Amino acid sequence: MKTKIGLLFFISIQLVLQTNAQPERWQQAIKYQIDVKMDVEKHQFIGTERIEYINNSPDTLKKIFMHLYWNAFQPNSSMDVRSRELGKTVIRQDRNGNNVLDWDGRVTNRISTLQPNEIGYQTVTSVTIAGKKQIIKEHETILEIILDKPILPKSKVVMNIAFNAQVPKQIRRSGRDNAEGVKYSMSQWYPKVVEYDYQGWNANPYIAREFYGVWGSYDVKITIDKSYSIAATGVLQNPNTIGFGYSTPGLRVLPPKGNTLTWNFKGDSIHDFVWAADPDYTHISKRVRKDLELHVFYKSKNPQSDSAWNNVLWAAEKVLPYIEKRFGKYPYPQYSFIQGGDGGMEYAMATLLKGPGLGTVFHEWMHSWYQQILGTNESLFAWMDEGFTSYAENEVMHFYNNNFAMQSPWTSTATKAALKRNMEVDKDDLPFQQADNYAGYFALAKSPFEEPMTQHADHFNTNFGYSLAAYSKGSVFINQLGYIVGDAMRDKILLSYYNQWKFKHPNANDFVRVAEKESGLALQWYKEYMVYTTKTIDYALGNINVDTTTGNAMLLLKRVGKMPMPIDVEITYKDGSKELHYIPLNLMYGEKPVENKLNRTTHEAWRWTHPEYNFAISRKVGEIKSIEIDATQRMADVNRSNNKLVIPD
Ligand SMILES: [Zn+2]
């Protein structure tokens, strides 16, 4: 008997090793079967969950924690008080001298004014395992389940849960009757098991941000008044009894008996599930390839807005090959762009969008890569989801504007004219697609509100400090990596990161280790400075001297800021020729590949301890027209005024 078990164990370990690049990093697994019945008069629903929870950890679990997010939408909740507290901080003065406060404009003090029939709640009435009722304790947005029998390592438990909920008036992300009149935006709507990982239970009370979940499969049944159309994560299992744009074209869908319809959606290899419902959704879709169907759901408003929603579908199809080439394959059979929520928010195989603006559309879609597929803990590494996504959004937008915007049948003549003007202006000086992210980071670095990028997202002192660290500095982290290792290598790193960490929970170190292995360069210093400190980069040009033995020019460079970097210096001569002088940082133990056609001279590495660096060139001072540190502006130098020297004729 024992030998047989030993053999099975051996075989299963072998399988894990073959399919998993990080065999030492276990992760939990889950299967949800959720069944809810919605009352559209009361905005309440009752539901059951059957949850199969697989403990792959080496630990014995005596408790399970679950999220009850909607309990945040009640006066005096942690989210309410925290929102009002942050809103008191003065971030700056506007042009008229008025104080700009640190509110999240969508929440402000709105939770405090909710009436009992407008609040949100999720109440778990019972949890049973093997027929036995478990002890439960509600801690506002977290439910603690004290198990009668602990879950042993490598074992499975099945929980049956009964719950009921009230859909809050739309405040943040989820809720009823959003500003655009979408009836139900249903995110964070079900009791959801908290992720248990190598850091233990991530039982974060819901304050504002953000999400992290167990990888698994969802089988969701929603019963709702038959006048409602539903958009959701996953693939609809019963399209031909539903209709609403889902059924086989040409097939007559028979009207159901009774007042309700039951919709059944299924999704695999995901860690969240969203749905939205409205009686007036326009639903358009396209099968863009054999294994992928794209959907758009919107409320028809006027011809311009309707065109813009149609353009979402058109543009999404056009940019997909570019996205996959740069960031990895989209692995799911479906994706839905759904009007709902309060801005743009990413979920599995879907997003809730306020409007059809392509910037937000591409941003939320790119979260399928940096949040859904690469499931970082967004609370702890917000910059790895928002920063990487903002970076990708700008790259995709740039690609779309340069290749497709002018061809779209849905782009208005006015927009086309504006694009044409932009292209003419930028013909010589190509627009730097990440410029807004650098500007955001510089504003942060110069403010008194900067905190290190890696800390729990809810614990930043200000919304301002969180947002610019996560979105702007996070995207600068990626773009600037191209300056250090070369853009082509950075792109290779992103693909390798995708391939090694898809459907897992990578952290900052995991990403940097991929970057080190791909590039062959040591990058721990980059992680330490960028992720864990607020130290800034400032390099300056010093005097130009004459080398007394050769008579050639000697250049002096100064490190003014505390963060060290490798340095590119571009020299333009009066005869029109250009040279690149490259000074690696000693901590890298190597150099980046030659990136462009410029003649490159690589100098001895600059030791990080040394504030100054001298190097000689092979031409005379009088031949120099201009000298510039990092002409590509990929290095996030907070003071660029001392980076360029133009020698007057
Ligand atoms: Zn985002």
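## From strand 33 to the zinc site

Leu 645 sits in strand 33, where strands (E, at least two residues) and helices (H or I, at least four) are DSSP runs numbered from the N terminus. A word on the source: this is a predicted model, in which local features need pLDDT of at least 70 and side-chain atom pairs count only at pLDDT 80 or more, while totals for chains, interfaces and linings use all residues. Residues are numbered from 1 along each chain as its sequence is written, and side-chain values use heavy atoms, with hydrogens and water left out.

Back to Leu 645. With 31% relative accessibility, Leu 645 counts as partly exposed; that label lies between buried (under 20% relative accessible area) and exposed (over 50%), using a 1.4 Å probe and protein chains only. Lys 625 is 20 residues away along the chain, and the two C-alpha atoms are separated by 8.6 Å.

Strand 33 belongs to an open sheet of five strands, ordered 30-29-28-32-33, with mixed pairing. Strand 30 (599-602) and strand 33 (644-646) are its edge strands, each pairing on one side only. From one strand to the next, the twist averages 20°, with axes taken as lines fitted to C-alpha atoms and angles running from 0 to 180 degrees between N-to-C directions. Pairing here takes at least two DSSP bridges between two strands.

Within that sheet, strand 28 (residues 567-573) and strand 29 (residues 578-583) run antiparallel and are joined by six bridges. Val 569 faces His 581 of strand 29 across the pairing. The loop between strand 28 and strand 29 holds Ser 577, which is partly exposed at 27% relative accessibility. Gln 199 is 378 residues from Ser 577 in sequence, and their C-alpha atoms are 55 Å apart in space.

### Other strand pairs

As background, strands of a sheet pair through backbone hydrogen bonds, either parallel or antiparallel. Here are some pairs from elsewhere in the chain.

| Strand pair | Sense | Bridges | One facing pair |
|---|---|---|---|
| Strand 3 (residues 61-67) and strand 9 (residues 142-151) | antiparallel | six bridges | His 67 and Ile 142 |
| Strand 8 (residues 135-139) and strand 9 | antiparallel | five bridges | Ile 136 and Ile 145 |
| Strand 1 (residues 29-39) and strand 16 | parallel | eight bridges | Gln 33 and Asp 219 |
| Strand 16 and strand 19 (residues 260-270) | antiparallel | nine bridges | Asp 225 and Thr 260 |

Strand 8 and strand 9 make a hairpin with two residues between the strands, and Glu 140 takes a positive phi near 55° there. Strand 16 (residues 216-225) has eight of its 10 residues buried, so it is largely enclosed by the rest of the structure.

### The zinc site and helix 5

Which residues hold the zinc ion as protein donors? They are His 363 (NE2), His 367 (NE2) and Glu 386 (OE), lying 1.9 to 2.1 Å from the zinc ion. Donors are N, O and S atoms within 2.8 Å of the metal (3.2 Å for Na, K and Ca), and since water is not among the atoms, sites may look incomplete. Along the sequence, the zinc donors follow the spacing H-x3-H-x18-E. Both histidines, His 363 and His 367, are buried.

His 363 is also one of the buried residues of helix 5, together with Leu 358, Val 361, Phe 362, Glu 364, Trp 365 and Met 366. Helix 5 (residues 358-366) has seven of its nine residues buried, so it is largely enclosed by the rest of the structure.

### Cavities

Rolling a probe the size of a water molecule over the atoms shows where empty space is left. On a 1 Å grid over the protein atoms alone, a cavity is a set of points where a 1.4 Å probe fits but cannot get out, and its lining residues have an atom within 4 Å of a point. Grid points are joined across faces, edges and corners, and a volume is the space filled by probe spheres set on the points.

How many cavities of 30 Å³ or more turn up in the whole structure? The search finds three.

The largest cavity contains about 100 Å³ of space. Its lining has 15 residues, and His 67, Tyr 69, Asn 204, Glu 210 and Ser 379 lie nearest its centre. By class, that lining comes to seven nonpolar, four polar and four charged residues; Ala, Val, Leu, Ile, Met, Phe, Trp, Tyr, Cys and Pro count as nonpolar, Asp, Glu, Lys and Arg as charged, and the others, Gly among them, as polar.

The second largest cavity holds about 50 Å³. Arg 25, Trp 26, Gln 27, Asp 197, Tyr 198, Tyr 212 and His 505 line it, which splits into three nonpolar, two polar and two charged residues.

Methods: 1 Å grid on protein atoms, 1.4 Å probe; cavity = no way out; pocket = protein on both sides within 12 Å on 5 of 7 lines; lining within 4 Å.
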